[in-house]
Amino acid sequence: MKPRSQLEYLRQQKLRDPALVFSLSLPLLSSLSPKKEADLAIFEQLIIAGCDLGEFEVVKQCLGLLKEQFGAIVKVVQPAEPGKEPKVKVEGSSRVGILEGKFLEAQGDYSSATELYNTLLTQNPANVLASKRLCAIQKATGTPADAVKSLLSYLDSNPTDVAGWWELSELYLSQGHWQGAATALEEVILFDPLSHDVHTKLGECYYGMASGSKDGVCKDFSGEGMMAMARRHFAEALNLKRGNLRALMGLRMSSRESALRPAKVNDKKGGALVDGSVADIEVAQKLHEFACEEIERVTKGKYGDLGAGLMEIGRREGEEIVAAMANKAE
C-alpha cells in the first residue's frame with residue numbers, strides 16, 4: 001500500500017499513530033502543495049504527529065507553507081464611526097489557526113494558545129474546535145473550575161455533544177462534585193441508554209452523594225433515596241452486561257447501605273419505596289444476595305485470596321442485613 005493510501009486509511013479509521021504518520025508523511029513533504037485539497041489533510045496529519053513527537057522544526061515548516069497560502073490569524077482594527085467603538089475584524093484561516101494553537105500547546109505556551117483561540121472565537125463564536133481546545137488548556141493548567149465554566153458555555157450551544165457531557169462529569173468528579181457529575185451523566189444516558197459503563201458510573205455518583213449526605217434523600221427524584229437510585233443504576237448496568245465486577249461491587253455496597261440505614265420519612269410519590277423501610281430492606285437483601293452470588297461466580301478461581309476475601313465480606317454483610325431486618329420487625 002502506498003504512503004498516501006496508508007495515510008488516508010488512518011484518517012478514515014480515525015487511528016492516531018504519530019510515529020507511523022510521521023514516517024509516512026515526512027518523505028512526501030517536498031511534493032505537498034497547500035493548493036491541493038488532498039494534500040491539506042496530509043499537512044494536518046504531519047503537523048499533529050510532529051507536535052506529538054516533538055518534531056517542532058518540521059511543524060514550523062508546514063505551518064509556514066500553510067500561512068503563505070491562507071494567511072495567519074491576525075486582528076484588524078477598523079476605523080470607528082463617530083460615537084461608536086472601533087470594530088475588530090479577524091482575518092486568516094481558522095483551520096490553520098487551530099493547527100498553530102496545537103503547536104503552541106505542544107511547546108507549553110498555553111498563554112499564547114489561549115489568546116489565539118480567543119481570537120478565533122471572536123471571528124466565529126460557534127467555533128467548536130477552539131472552544132474545546134480552551135477547555136483542554138484550562139484542564140491541563142490545573143484550573144478545573146474555569147474548565148467547567150467554559151465547558152458549560154460550550155454545551156449551552158452544543159447540547160448534543162455526548163463527549164462534552166462525559167468530560168464535564170470527569171471535571172466535576174475531579175472536584176468531588178458528585179451532584180454535578182450525576183447531572184452531566186444523566187445527559188449522557190439520554191443519548192446512550194444501553195451503556196453499562198455510564199450506568200455504573202452514575203450509580204457511583206449517587207452512592208457518593210448518599211454517603212456524603214446526612215439523610216441520603218434526594219428530593220429531585222420524587223423523594224426516592226439516592227442510595228436506591230445508586231442500586232437502580234448498578235442493577236441496570238448488570239442487566240446490560242452480566243458479570244460487570246465494578247457494578248457488582250457497587251450493587252453489593254449500596255444494597256448493604258440501604259439495608260442498614262435507619263428509616264426515613266420520605267415521600268412515596270410514584271410508588272417509590274421508602275429508603276430504610278422494611279420493604280426496602282427486603283429488596284436490598286435480595287439484591288445483596290444476588291450481588292454476592294455473582295461476585296463469587298465471577299471471581300472463583302481467578303483472583304486467588306481476593307475472591308475468597310470478597311466472599312467472606314459478603315457473608316458477613318448478609319448477616320448484618322438479616323439482623324437489621326429482625327430489628328425492624330420488632
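In these legends, a residue is called buried when its relative accessible area is under 20%, and exposed when that area is over 50%, with partly exposed in between. Please keep in mind that the model shown here is predicted.

**View 1. Helix H2 and its buried residues.** Let us start with a single helix, H2, which spans residues 18–25. Which residues of H2 are buried? They are Val21, Phe22, Leu24 and Ser25. Looking down the axis of H2, you would find these buried residues within an arc of 170°, so they line one face of the helix. Their cover includes H1, H3 and helix H4, the last of which runs over residues 56–70.

**View 2. The largest pocket.** Now we turn to empty space. Rolling a probe the size of a water molecule over the atoms reveals where such space is left. The largest pocket in this model has a volume of about 460 Å³. Its lining is made of 20 residues, and those nearest the centre are Arg16, Ile48, Ile98, Lys102 and Arg133. Three helices each supply at least two residues of this lining: H3 (37–53), H5 (94–106) and H7 (128–140). Which helix gives the most to the lining of the largest pocket? It is H5, with 7 residues. Sorted by class, the lining of the largest pocket holds 10 nonpolar, 2 polar and 8 charged residues.

**View 3. The second largest pocket.** Here the volume is about 370 Å³. Around this pocket are 14 lining residues, and Arg11, Leu15, Arg16, Gln45 and Ile48 lie nearest its centre. Two or more residues of the lining come from each of helix H1 (3–12), helix H2 (18–25) and H3. H3 gives the most to this lining, with 6 residues. Of the residues lining the second largest pocket, 7 are nonpolar, 1 is polar and 6 are charged. You may recognise two names from the previous view: Arg16 and Ile48 are among the residues nearest the centre of the largest pocket, and they are also among those nearest the centre of the second largest one.

**View 4. Ala106 and the residues around it.** This view zooms in on Ala106, a residue of helix H5. Is Ala106 buried or partly exposed? Ala106 is partly exposed, because its relative accessible area of 33% falls between the limits of 20% and 50%. Residues that are far apart along the chain can still meet in space, as you can see with Asp52: it is 54 residues away from Ala106 along the chain, while the C-alpha atoms of the two are separated by 7.2 Å. If we set aside neighbours within four places in sequence, Ala106 is in contact with Cys51 and Phe56.

**View 5. Cys51 and other cysteines.** Cys51, which we just met as a contact of Ala106, counts as buried because its relative accessibility is 12%. Cys135 is buried too, with a relative accessible area of 10%. A disulfide is a covalent bond between the sulfur atoms of two cysteines. How many disulfides does a search of the whole structure find? The answer is 0. For Cys51, the nearest cysteine sulfur belongs to Cys62 and is 9.6 Å away.

**View 6. Stepping back to the whole chain.** To finish, here is the setting for the close-ups. The chain contains 15 helices and 2 strands. Of its 330 residues, 41% are buried. Among contacts with a separation of 6 or more, 54% join residues 24 or more positions apart.

Methods:
Residues are numbered from 1 along each chain as its sequence is written. This is a predicted model: local features need pLDDT of at least 70, side-chain atom pairs count only at pLDDT 80 or more; totals for chains, interfaces and linings use all residues. Side-chain values use heavy atoms; hydrogens and water are left out. On a 1 Å grid over the protein atoms alone, a cavity is a set of points where a 1.4 Å probe fits but cannot get out, and a pocket is an open set with protein on both sides within 12 Å along at least five of seven lines; lining residues have an atom within 4 Å of a point. Grid points are joined across faces, edges and corners, and a volume is the space filled by probe spheres set on the points. Helices (H or I, at least four residues) and strands (E, at least two) are DSSP runs, numbered from the N terminus. Ala, Val, Leu, Ile, Met, Phe, Trp, Tyr, Cys and Pro count as nonpolar, Asp, Glu, Lys and Arg as charged, and the others, Gly among them, as polar. Buried means under 20% relative accessible area, exposed over 50%, partly exposed in between (1.4 Å probe, protein chains only). Contact means heavy atoms within 4.5 Å. A disulfide is a pair of cysteine sulfur atoms within 2.5 Å. The arc is that of the directions from the helix axis to the C-beta atoms.
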